[in-house]
Amino acid sequence: MRSLIDILDLKTEEIDELIARADDIIEHPEAYRDICRYKKLATLFFEPSTRTRLSFEAAMYELGGQVLGFSEAASSSSAKGESVSDTVRAVSCYADIIAMRHPKEGAPLVASMAASIPVINAGDGGHNHPTQTLTDLLTIHRTKGHFDNLVVGLCGDLKFGRTVHSLITALSRYSGIKFVLISPEELRLPDYVKQDVLTEKGLDWEETTSLEDAMPKLDILYMTRVQRERFFNEEDYLRLRDSYILTPEKLQTAKKDLTIMHPLPRVNEISTAVDTDPRACYFQQVLFGKYIRMALILKLLEL
Amino acid sequence: MHIDEIKNGLVLDHIKAGKAMEIYRFLDLGSLNCPVAIIQNASSRKMGKKDIIKIDGVLDIDCNILAPICPDITLNVIKDGVRVEKRALELPLEIKDIIKCKNPRCITTTEQELPHIFRLRKTKESIYRCLYCEARAEL
């Protein structure tokens, strides 16, 4: 019985398998409509995350399965003081697989140690969110057809953005990847990620504060939000905010086949005028998120 | 300064100067009934200054647990007044319930019954990370 807690729990061959399965689901959805009949997914969301929860639920329904669970801690037994371990032991009696979101880092790992059914980490605090990374990987693969030799620009809050850290870790296992890290000085990628992943694996990377300068080189542009609360003062925030808003003007020097991604929700970091650009893939990314979760559920249920 | 030779026990040598009291508290040596000597700022050719702890009694612990705190320590085992073993400490692959995770977002902060487990991630730099949240151990 396997769980997915960290993206590195999966070997690259297993990621390739998941992507191939997701591709097959996209091509032949009818073949999967009934595959999870009589199977139940428990969505244990100890903090709200509408998008991720709905993606898991949609995934299970499209596989012909059923869903039970809760969407906030207040409606769970943890409000009465029950431990994560006890909750999942009980849920293991009702469901076949668990998707868990929890504000405390490491909670899904604790759950996977206690549960008798597979546990999928659907986000634990600022720590891991492996199905977002799988979503990003499927999006890249669907748009580029491969992972090797891509120039990947990561823009915005690279300091606190867990999706960015996980994506860098996952992509670092492929060859010829180059990262362009685009952020204000205040929100640069932490040294430990640079040291442990980029330097240790001998990857090619560069750091810049200018989205415009980086734009012509990029095959992938992964946008994240520069959040007001990350700055010590309002003045710095206002000074930097607009530099990292993607507009049609900034895209003029971009490659014709650039893939623009964003983990969503977007606030203002991508102008809505970009939405109609054929290179904008962030809503497709949401759809791919459902397909890769379908593939993952099937893998963990060994179906 | 003269300290009696120990008969059966341990000498923790090459403790980084200033760390002896931390190790004394960490091992709870104050609760022992046997003689314990702490020598601070002893001169050392290798380190300049060092601390030493001598314990004239049997201590039933794996001294490797000290390695993450002070990796330079040399352990000397004394039996019948004779040194029978001298070795450097080895970093344990896992530390359990010795230190606590300081990350306020870690699951161990709310689920009190969970064991506090840290795993060795980088031997060269003695980096341990929490099993659950992967926060770096503060040693």
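## Chain B at a glance

Here, a residue is called buried when its relative accessible area is under 20%. This is a predicted model, and in its chain B buried residues make up 47% of the 139 residues.

Chain B has 1 helix and 8 strands. Follow the sequence and you meet them in the pattern β-α-β-β-β-β-β-β-β. Taken along the principal axes, the C-alpha atoms of chain B fill a box of roughly 50 × 30 × 25 Å.

## Helix α5 of chain A

Over in chain A, a good place to begin is helix α5(A). It has 15 residues, and at 1.5 Å a residue these should span 21 Å; the C-alpha atoms at its ends are 21 Å apart, so the two values agree.

How many residues of α5(A) are buried? The count is 12 of 15, so this helix is mostly covered. Among the buried ones are P130(A), L134(A), L137(A), L138(A) and I140(A), along with polar or charged names such as T131(A), Q132(A), D136(A) and K144(A). Just past the helix, G145(A) takes a positive phi of about 85°.

Ahead of α5, in the loop that comes after β4 (119–124) of chain A, you'll find H127(A). Its relative accessible area is 13%, so H127(A) is buried. The side chain of H127(A) also makes a polar contact, at 3.5 Å, with the side chain of N128(A).

## The largest nonpolar core

L134(A) turns up again in the largest nonpolar core, which has 56 residues. The members that touch the most others are L134(A), L154(A), I168(A), L171(A), F179(A) and I297(A). Which helix gives this core its largest share? That's α10 of chain A (residues 282–300), with 9 residues.

Where does the core sit? Domain 1 (7–128 + 289–300) and domain 2 (131–285) of chain A both give residues to the core, so it lies between them.

## Rings and charges

Across all chains, a search of the whole structure finds 3 aromatic pairs. One of them joins F147(A) and Y174(A), with 4.6 Å from centre to centre and 40° between the planes, which makes it a tilted pair. The two residues are 27 apart and the pair links distant parts of the chain: F147(A) is in the loop between α5 (130–144) and β5 (151–155), while Y174(A) is in the loop between α6 (162–171) and β6 (178–182). Buried or exposed? F147(A) is buried, at 4% relative accessible area, and Y174(A) is buried too, at 11%.

Arginines also meet rings here. R293(A) lies over the face of F56(A), 5.0 Å from the ring centre. Another case brings chains A and B together: the charged end of R129(B) sits over the ring of Y192(A), 5.9 Å from its centre.

## A serine in a loop

Last stop: S210(A), which is in the loop between β7 (204–208) and α8 (211–214) of chain A. With a relative accessibility of 17%, S210(A) counts as buried.

What does the side chain of S210(A) reach at 3.0 Å? The answer is the backbone nitrogen of D213(A). A polar atom of the S210(A) side chain also lies 3.4 Å from the backbone nitrogen of E212(A).

Methods:
Residues are numbered from 1 along each chain as its sequence is written. Chains are lettered from A and ligands numbered from 1 in the order in which they are written. This is a predicted model: local features need pLDDT of at least 70, side-chain atom pairs count only at pLDDT 80 or more; totals for chains, interfaces and linings use all residues. Side-chain values use heavy atoms; hydrogens and water are left out. Helices (H or I, at least four residues) and strands (E, at least two) are DSSP runs, numbered from the N terminus. Buried means under 20% relative accessible area, exposed over 50%, partly exposed in between (1.4 Å probe, protein chains only). A polar contact is a pair of N or O atoms within 3.5 Å; within protein, one must be able to donate a hydrogen and the other to accept it, and residues adjacent in sequence count only if both atoms are side-chain atoms. Rings of Phe, Tyr and Trp (its six-membered ring) pair if their centres lie within 6.5 Å; planes under 30 degrees apart count as stacked, over 60 as edge-to-face and the rest as tilted. A charge sits over a ring if NZ of Lys or CZ of Arg is within 6 Å of the ring centre and within 35 degrees of the ring normal. The expected span of a helix is 1.5 Å times one less than its number of residues. A nonpolar core is a set of buried Ala, Val, Leu, Ile, Met, Phe, Trp, Tyr and Cys residues joined through side-chain atoms within 4.5 Å. Domain bounds come from an automatic or database domain assignment.
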